[in-house]
Amino acid sequence: MARPIASSPAMGVSPASLSTRAVGGPSWDGRFTVLILFLPPALLLFTLFVVLPIGEAAWYSGFNWNGFGRPTHWIGFDNYRFVLETRAFWLALRNNGLIIAVSLCVQLPLALTLALMLAERFRGAVALRMLFFMPYILAEIATGLIFSFVYDGDYGLVASIWRSFGAEPPHLLASTDTAMLAVLIVIVWKYFGFHMMLFIAALQSIDKSLIEAARIDGATRSQSLRHIVIPLLYPTIRLSVFFAIVGSLQLFDLVMPLTRGGPADSSNTMVSFLYNNGISRMRVGYGSAIGVILFVICVTFAFTYKRWFMRDE
Amino acid sequence: MNKVETFRAPFDPAVLFKTVFLAIVAIFVLVPLLATLLGGFKSLGELRVNPFGLPQHWAWQNYADILFSGRYWQLLRNSLIISTLTVVLTLIVASMAAFTFAHVRFYGSSMLLSYLTLGLLFPAATAVLPLFIKVRDLGLLDTYFGVALPQVAFSLAMSVLLLRRFFKDIPYELLEAALVDGCSYIKFFRYVTLPLSRPILATVGTITFVNSWNAYLLPLVMLNTDALYPWPLGIMVYQGEYSSEWHLILAFITLTILPTIILFLLAQKHIVAGLTSGAVKG
């Protein structure tokens with residue numbers, strides 16, 4: 001089927017050349033109207049509120065500026081130096097690394113195991129899927145508050161388990177040794193269902209005849225799992241890893257209700273570090289420098305990962 | 001949803017393992033949720049001695065006080081306004097752009113689409129300080145639009161991608177025939193594309209709504225007035241005020257996540273569809 005518009009040489013088509021086609025055929029004018037009416041709102045909003053601010057962050061990061069008036073006090077790369085000299089920044093970076101590690105080593109295997117169990121149809125499978133997905137739907141703030149209750153040293157669930165053993169309950173979120181660990185557990189609780197759903201969707205799109213054929217040829221259950229199902233899941237696993245890492249790098253909402261990054265910066269992520277230093281004190285240059293570092297890490301990771309692992313997608 | 005495997009053995013250790021494993025995970029997920037719901041029905045004293053069990057005296061008063069306070073409804077109203085603004089604007093702007101990318105051939109089309117979808121990679125936190133200054137300079141600080149417009153901008157990348165792929169599946173011959181009959185692109189968009197695309201519009205709308213409804217960072221930065229706070233901000237303030245009166249805080253949390261859960265149960269299909277089709281990019 002010939003496509004008149006597709007086959008016409010893009011931009012420079014005059015209405016006259018089109019009129020040699022079927023009478024009343026699609027005209028350049030119609031397209032032009034759509035172009036000037038339909039595209040600008042999206043491009044304008046995206047440029048104004050996403051792209052420009054990111055560029056401006058790079059610009060502001062060169063100033064010592066509190067956000068009022070215009071930035072005048074240019075200090076070059078000093079903000080980056082200040083950020084990199086702060087111990088708390090490296091703690092935050094390490095915490096983001098921990099979050100990534102837990103996401104990859106605990107969360108994804110858990111999600112995959114559950115998906116393999118729940119992709120089969122049995123009574124209660126759908127209900128369990130919904131239940132496991134539920135934490136993902138809840139707001140991070142609500143999740144964080146729920147768990148600050150769970151961890152509360154006086155009223156919380158953890159405390160009462162402790163008391164039932166006759167021990168004095170700890171305040172997990174108030175100790176630099178345990179705060180980050182407590183946050184990591186909440187992260188697994190909240191996000192494993194998301195990855196499980198991705199895997200279930202992928203499992204359901206696998207052609208069952210492949211597995212049946214393998215069974216007929218004498219493959220055991222674990223053999224067909226290892227040699228057929230898992231390889232077919234690789235694209236989804238790669239995507240899941242991608243989401244897990246990008247999400248881990250940007251984690252913020254969950255940390256605020258739990259610890260606000262404390263105690264003593266022990267549970268900051270890069271974004272909560274940015275918030276606590278840049279935004280609540282309006283140190284625009286300093287905060288922007290953190291933002292730019294985060295941006296560079298995210299974008300470098302995304303492009304490298306896409307190039308190395310997701311070439312075919 | 002065919003069976004992947006079938007077991008008919010009377011006793012299978014794999015089945016036992018599976019049952020135990022699923023039960024442990026289910027408890028892990030359920031206990032915090034149930035404790036929150038039930039904790040709201042307890043008194044503070046009972047919460048301390050009996051955090052797991054059913055309340056001995058159901059303290060409906062905790063919930064009633066919040067429901068009759070006005071504060072709760074104000075938070076919901078603010079959230080509803082911001083999320084609705086975000087969803088409506090996103091759907092309008094994204095569907096127009098997606099239609100253009102799907103059906104209009106023009107020079108630079110793929111370049112502009114890549115530009116827009118780069119947004120998927122950008123961390124919102126990088127933009128948030130300059131965004132605050134921009135929104136302030138535009139005079140939108142402390143307005144619903146000051147929160148909604150950036151949210152629309154950040155949701156465009158994913159929305160345009162999802163919508164465009166759906167629009168592309170509408171047969172080109174349909175558009176061609178309509179154009180030959182003297183229908184304009186815009187009329188085709190309005191009277192053919194949009195009505196045919198209800199499922200994907202619902203999906204994109206639901207995802208955008210949930211994201212906006214749960215959002216914290218942008219409202220935190222853009223809003224200074226308590227009266228405008230959406231519920232995630234409001235509940236943090238509430239928690240600050242009642243710091244260790246957990247029975248009240250738990251009741252408040254339960255009431256604020258209730259709309260989310262109801263929405264999820266109603267729109268579950270759309271949420272999961274958006275999740276999986278957004279994930280497996282084409």
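A salt bridge is taken here as a side-chain nitrogen of Lys or Arg within 4 Å of a carboxyl oxygen of Asp or Glu. In the predicted model, E85(A) and R81(A) satisfy this criterion, with their closest N and O atoms 3.5 Å apart. Because the two residues lie four positions apart in helix α5 (residues 78-85) of chain A, they are separated by about one helical turn. E85(A) is exposed, with a relative accessible area of 56%, whereas R81(A) is partly exposed, at 42%.

A second pair in chain A, R221(A) with E120(A), has its closest N and O atoms 3.7 Å apart. R221(A) belongs to helix α12 (residues 221-249) and E120(A) to the loop between α6 (87-118) and α7 (125-137) of chain A, so that this salt bridge ties together parts 101 residues apart in sequence. R221(A) is partly exposed, with a relative accessible area of 36%, while E120(A), at 8%, counts as buried.

Over all chains the structure holds eight salt bridges, and the count between chain A and chain B is three. In one salt bridge, E56(A) pairs with K134(B) at a closest N to O distance of 3.0 Å; this pair crosses between chains, from helix α4 of chain A to helix α6 (residues 124-137) of chain B, and both of its residues are buried. In addition, R70(A), R136(B) and D137(B) are linked in a network of salt bridges.

The contact between the chains takes 113 residues from chain A and 100 residues from chain B, and the area buried between them is about 10000 Å², of which carbon and sulfur atoms give 79%. In chain A, F38(A), F49(A) and Y155(A) lose the most area to chain B, together accounting for 8% of what that side buries. Across the interface, 11 residue pairs are in polar contact, both residues of each pair being at pLDDT 80 or more. Helix α4 (residues 40-60) gives the most to the side of chain A that touches chain B, with 16 residues, and by class that side has 81 nonpolar, 15 polar and 17 charged residues.

Chain A itself contains 15 helices and zero strands, and 56% of its 313 residues count as buried. Its accessible surface comes to about 13900 Å², of which 64% belongs to carbon and sulfur atoms.

In chain B, L220(B) lies in helix α11 (residues 217-222). Leaving aside neighbours within four places in sequence, L220(B) is in contact with F252(A), Y275(A) and L233(B).

Definitions and conventions
Residues numbered from 1 in each chain as written. Chains lettered and ligands numbered in written order. Predicted model: local features only at pLDDT ≥ 70, side-chain atom pairs only at ≥ 80, totals over all residues. Heavy atoms only, no water. Buried < 20%, exposed > 50% of the residue type's maximum accessible area, 1.4 Å probe, protein only. Areas by Shrake-Rupley, 256 points an atom, 1.4 Å probe, with all protein chains shown as cover. Contact = heavy atoms within 4.5 Å. Buried area = accessible area lost by both parts, 1.4 Å probe. Polar contact = N/O pair within 3.5 Å; in protein donor to acceptor, adjacent residues only side chain to side chain. Nonpolar A, V, L, I, M, F, W, Y, C, P; charged D, E, K, R; others polar.
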